[in-house]
Amino acid sequence: MLSVPSHTALYMDEEIDTRTINSSFLRDHSYATEADIISTVEFNSTGELLATGDKGGRVVVFQREQESKNQPHRRGEYNVYSTFQSHEPEFDYLKSLEIEEKINKIRWLPQQNAAYFLLSTNDKTVKLWKISERDKRPEGYNLKYEDGRVRDPTTITALRVPVLRPMDLMVEATSRRVFSNAHTYHINSISVNSDNETYMSTDDLRINLWNLEITNRSFNIVDLKPANMEELTEVITAAEFHPNQCNTFIYSSSKGSIRLCDMRAAALCDNHCKFFEEPEDPVNRSFFSEIISSISDVKFSHSGRYLMTRDYLTVKVWDLNMENKPLETYQVHDYLRSKLCSLYENDCIFDKFECVWNGTDSVLMTGSYNNFFRMFDRNTKRDVTLEASRENSKPRAILKPRKVCVGGKRRKDEISMDSLDFGKKILHTAWHPSENIIAVAATNNLYIFQDKVN
Amino acid sequence: MTLINQRNKLIPVLGCHSCFRVDMFSKGTKRKFPSDDDEMSDESLASAKVSSSYSLQRQSLLDMSLIKLQLCHMLVEPNLCRSVLIANTVRQIQEEMTHDGSWVVTEAFCSGTQGPSERLVATEVLCRSREQEAEPKLFSVISYEGISREEEVVADETLCSVSVHDSASDVCLSETSRRCWDETEDSPESSRLGPGDDEDDEDEDEDDEQESSSREDPKAMGQVFGTFEIKNGASGPDSALEELFSDVDASYYDLDTMLTGIQSTAPKMGPYDLLDSLSPSHTPTSINSPSNCRSDLNELDHIMEIIVGS
């Protein structure tokens, strides 16, 4: 189904700092269908692998190429490693509803042996996949032929020792566990715990805790569902475990708040132990205030000290020790504030943008419209708008910063606010855990950009 | 290493651009519009014919939200987050309308042919829509017909609450529940609102149908979205209105695709046209330009005149 990725890359201008962007169009389709739209992107803990999931239920895993000395510029390009169908469309006959195969989230498990494990989820079912390599096969069995047929025992006259013979490398993806029937609503997040034994899955109203080995039982740890659904005014939008405290997790809500819970306090964590919320600025108050304050993504920093949240117009960094207001607030596309009514009308206001930290927690990245994505340097307080597009950035060229013109006269290099394409949105991005390599999903294309090697 | 270290000049973090449009939606600034004050102080029935741009926009927003909610209900499993946010928006608008009196005004205007007590009670219910009341009773699935034949007040109530009833299947969100009105209801019509099982609901629908046919216009199309009727009074939708909104009905599937982002069918949509003409994205030059906005408002007045039928 996937077209062969074309790898072309251009060198970056040496004069511009250390920042070379090496872009590769890894998944490119001339006839993109709905099923090809990338719905999640995730690096594994070493950054060697990058997984993407799409609306067609497929998972494509990319592996970083080993560096070669004679081709230094080809350092670390990502090639397709494995492709498999993780979820199939299903039909729930009892409820008479279709269950989409769209992959909502992928999370890698920490690597413990030669094989790789990942969790993938659609709206209802989480699956544990094992991705392993095989480059040898055993030959010379006594009781069967090489093609698997059983030998007639009477013909066996001598015993031999089977041997392993090399063969072409084969990457296998096998489903190891299926965690189903635990979610009534749509799963929006999964998060592997730092104890490496449990993970949680979150839907609109509940959070469940699972053991990775046990599929027939899960524990409900948060339940927001009111007895009377008429009273429902708030849903869970995302949740994540603390990176190193296995008892702590956070979840964000559609009302713009984040709750931190401690599983040691009680089995059911309906009572949070910390509540992060910023009081609304009366100046900007409008009927859309609640909608734009709804949190679409929440992420712990690698250090575990900070939280990052994304709402419709901003990215905020919170200190775990300060609940009443965020430490930092960055405007992603504040010029849209004047267009909220139109964005409500065409439903863009409900888009769920994700956000990511870089490896050192010093830079934030998140997406916007018109294939733009934004980076914010927390130390220098500088920010940049970049574009992931084939037309406007050639492979292995430096990405040029983009500017959106807001009112007044438009300068030559600026893009008018009215020419922004709201159909091209970057919702999913990922940052390599230790290097400055980013993966940006733009509809059905995956772009990988990286720093230049000096 | 500084990652963001471009030679080029960086975009400064943009400040807040509160433009004209935002102002109109900001709660605190609505009294800027002189017509608003005039109308409010003058409690004539004519004030229902809204000429205040703020309340006009608010009404458009409410209408749009109700359409969106309506479409949510038609899905077996809608995006819960989205429906909750829309429902909260509707609630917020209706609370504000109740608060600033425009709700009452329209009620007074509408009370000609229907029991005023009922409407007042309904408003009261809207005000405390979040409270737990008497045991909620099951209300028939908000089918298209169901909604269109409901009393407008009931439709409002069901729509303004988060109409996602947790049924036995625990997932079917297309149903909605309705409060038992018996406690507060003392109008003769209350009896038909009491029982909640399906049979009664069917009866109720029939009753409503009869009732509406006894009124001027039995055609339900114009009444699909209850607030339209509230706004337009009890005389029933006139022909212009009907024409406007009959498209809404006929192009139901167009509406659906439209709300999911394909806007090619936009010309059909009454309320959307209204917003289009207001929207900065469609009239880019009107941003920060009062003169253009003024012309937009005139246009709106014109549309509104058609709707109201004056």
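**Entry 1: strand β30 of chain A**

I began with strand β30 of chain A, residues 428–431, and found both of its faces covered, since A:H428 and A:A430 on one side and A:T429 and A:W431 on the other are all buried. I note at the outset that this is a predicted model. In a regular strand the side chains alternate between the two faces of the sheet, and I kept that in mind when I read the two pairs of residues. I then looked for the partner of this strand and found that β30(A) pairs in the antiparallel sense with strand β31 (residues 437–442) of chain A, over 4 bridges. The two strands are joined by a hairpin, with 5 residues leading from β30(A) to β31(A). Of the buried residues listed above, I followed A:A430 across the pairing, and it stands opposite A:A439 in β31(A).

**Entry 2: chain A as a whole**

Next I looked up the totals for chain A, whose secondary structure comes to 2 helices and 32 strands. The chain has 454 residues, of which 58% are buried. I wrote down an accessible surface of about 19500 Å², with 49% of it belonging to carbon and sulfur atoms. Among the contacts of chain A with a separation of 6 or more, 54% are between residues 24 or more positions apart.

**Entry 3: two open sheets in chain A**

I traced one open sheet of 4 strands in chain A, in the order β2-β3-β4-β5, and its pairing is antiparallel. Its edge strands are β2 (38–43) and β5 (78–85), each of which pairs on one side only. Neighbouring strands of this sheet are turned by 20° against each other on average, with direction ignored. For the pairing of β2(A) with strand β3 (residues 49–54) of chain A, I noted 5 bridges in the antiparallel sense, and within it A:F43 has A:L50 of β3(A) as its bridge partner.

I then turned to another open sheet of chain A, where 4 strands follow the order β20-β21-β22-β23, again with antiparallel pairing. Here β20 (297–300) and β23 (328–331) are the edge strands, each pairing on one side only, and the twist averages 15° from one strand to the next. Inside this sheet, strand β21 (residues 306–310) and strand β22 (residues 314–319) of chain A run antiparallel and are joined by 5 bridges; A:M308 stands opposite A:V317 in β22(A).

**Entry 4: A:V192**

Is A:V192 buried or exposed? I found a relative accessibility of 17% for A:V192, and because the cut-off for burial is under 20%, this residue counts as buried. A:V192 lies in strand β12 (residues 187–192) of chain A. Leaving aside the neighbours within four places in sequence, I listed its contacts as A:R107, A:W108, A:L109, A:P110, A:L119, A:T198, A:Y199 and A:F241. One of these, A:L119, I checked by distance: A:L119 and A:V192 are 73 residues apart along the chain, and their C-alpha atoms are separated by 8.6 Å.

**Entry 5: chain B as a whole**

For chain B I counted up the secondary structure as 15 helices and 2 strands. Of its 310 residues, 57% count as buried, and the accessible surface comes to about 12600 Å², of which carbon and sulfur atoms hold 53%. Residues 24 or more positions apart account for 68% of the chain B contacts with a separation of 6 or more.

**Entry 6: helices α3 and α4 of chain B**

How do helix α3 (residues 53–74) and helix α4 (residues 80–100) of chain B pack, and at what angle? I found an angle of about 145° between them, with their axes 9 Å apart, and α3(B) passes α4(B) in a left-handed crossing. On the α3(B) side the contact includes B:Y54, B:R58, B:L62, B:L66 and B:C72, while on the α4(B) side B:I86, B:V90, B:I93 and B:M97 are among the residues involved. By class, I recorded 11 nonpolar, 5 polar and 5 charged residues in this contact.

I closed with B:Q92, whose place is in helix α4 of chain B. B:Q92 has a relative accessible area of 12% and is buried. I also looked up its distance to B:L62: the two residues are 30 apart in sequence and 9.6 Å apart in space, taken from C-alpha to C-alpha.

How values were computed
Residues numbered from 1 in each chain as written. Chains lettered and ligands numbered in written order. Predicted model: local features only at pLDDT ≥ 70, side-chain atom pairs only at ≥ 80, totals over all residues. Heavy atoms only, no water. Axes fitted to C-alpha atoms, helices over the stretch in contact; angles between N-to-C directions. Left-handed = near helix turned anticlockwise from the far one by under 90°. Contact = heavy atoms within 4.5 Å. Nonpolar A, V, L, I, M, F, W, Y, C, P; charged D, E, K, R; others polar. Buried < 20%, exposed > 50% of the residue type's maximum accessible area, 1.4 Å probe, protein only. Pairing = 2+ DSSP bridges. Areas by Shrake-Rupley, 256 points an atom, 1.4 Å probe, with all protein chains shown as cover.
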